[in-house]
Amino acid sequence: MITLKNDSLEFRFPEVHRDARCTIEFQRTLRIPDDNRDYPLPPGLDSFPLRHIDDFARRLPEQWRRRGGVIMPMHQAEAMWISFEDYSGYPFAVKIATGKSCAISGNPWVNHLNKDPQDYVVLPEQPWLDGYCVEKGIIRQFVAMPLGKGYTAEEQLTGAAQHGGLQIVVFPMKRKRYKRLMARSSLTLHSPQVPCCISPESMGLAPGGRMRQEIHEDPYGLDAWDRQHSRRCFVTIANSTQWTAITGERPPTVPPSALEYTEAGLPWFEWYGGDAVAVDGAKKLEKLASVAQLGKKKGEAPLPENESVEVTRVVGLSAGGATLDREFTSDEILRP
Amino acid sequence: MTHFGKSIRTRREHLHLEDKRYSLRQVALRIGIEPAYLSKIERGEVSPPSEATTVRLAHELGEDPDVLLALAGKVSGDLQNIIRKRPKLFAELIRQLKEAPDHALLHVVREVRDGEW
């Protein structure tokens, strides 16, 4: 089952094992400069709000209602990273797609797992995912852009602006395999149809600036995953105007720019994943043009405040360390 | 020593066995309180800390914030607000479910619906 808890998606598989639960949340962050330089990891600035699509069914376009799942607000050109947390160390395979194109392999969405090329990340080995796997050890940051302008990964890969949003499917490790691993290591609302007041244009995710982040190879093998039990969720992304019209809530404020953040002396992060092997970048994703590159070609300036920054304060985080904390609460951030 | 203090000390010391960053001093500094204050909390010499500090401590120690708040004799502010908005409904709901086994409660929890996509 998937439930919403404190703006995070909690995936539980009690039919597989009582420990089989993990949490996925979407972190607000600053957008790294899209200047073809490689940056370390930016901070987390608190999670994006999430709401059940069904709570606002009467105000939503039919296509949004049909998909189910949850809704999340993002400003145009705002960046985001995905945080994975598990309570017990229970391993999971997680597929992430944007606009129904896989963020790891670039291939069209399928509900099952593929190993060659690997199209999923493995928890708890992978604590977060910041963008598209474009090269070995390099991702391009997830940046929200309106569908239909040609910037999103979906439009660049498929030529169509059809889905937008984010898609997730989670597979737990097989119960027997988990036990061996442990031993070795010690309500749908049927609302009346009323005219919908929200325009159906959705937001999608596009490749932004380059960042150093490894996507780890699956150390367990495809056979470790319980492919009979999976849970999936569609995350619809609403722009700030839509979000307020739908929920009556104000969206979070626009995060500081990379320059403002860096000049305030706040830290960036590097993650050392130990001996883990990184997967190669996906050929399809490598060919994607970033938002800034595409904007230049179109004669547009889609990214405000895209100046390069010199990062001097970098905090190292390690896989075996005590915390992998790269998150700030909002009152810890210095706003200009 | 209170149950709250004993629980967090046990958990912190367990983590400290494998990672030196879970010393009393380092944990206190990471959650923004004085080490001497955390020491007193662990020994039950003072009342459990504020909700915000308890939640930070829960995140730091990998514990569930609601469980730690319950040990501290508190209910989180967001839950209080939910009940205050519809007190009659939620009071009735909670009373009716108080004896229900865990697996039955899980059926009541609202799931995120998967649709067609």
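**Cores, strands and the A–B contact**

Within the largest nonpolar core, which has 89 residues, the members touching the most others are M72(A), F92(A), V94(A), C133(A), V143(A) and A144(A). A nonpolar core here is a set of buried Ala, Val, Leu, Ile, Met, Phe, Trp, Tyr and Cys residues joined through C-beta atoms within 7 Å; buried means that 20 or more other C-beta atoms lie within 10 Å of a residue's own, with C-beta atoms placed from the backbone. This is a predicted model, in which local features need pLDDT of at least 70, side-chain atom pairs count only at pLDDT 80 or more, and totals for chains, interfaces and linings use all residues. Residues are numbered from 1 along each chain as its sequence is written, and chains are lettered from A in the order in which they are written.

**Cores**
- A second, separate core of 8 residues includes F4(B), V55(B), L57(B) and A72(B).

**Strand 7 of chain A** (strands are DSSP E runs of at least two residues, numbered from the N terminus; two strands pair if DSSP finds at least two bridges between them)
- Strand 7 (residues 79-86) runs antiparallel to strand 3 (residues 21-29), joined by 8 bridges, and F84(A) stands opposite I24(A).
- Strand 7 is also antiparallel to strand 13 (residues 138-146), with 2 bridges; here A79(A) faces V143(A).
- With strand 11 (residues 128-129), strand 7 pairs in the antiparallel sense over 2 bridges, and S83(A) has W128(A) as its bridge partner.

**Contact between chains**
- Chain A has 20 residues in contact with 13 residues of chain B (C-beta atoms, placed from the backbone, within 7 Å).

Notes:
Contact = placed C-beta atoms within 7 Å. Helix = DSSP H or I, 4+ residues; strand = E, 2+ residues; numbered from the N terminus. Buried ≥ 20, exposed ≤ 12 C-beta atoms within 10 Å, placed from the backbone.
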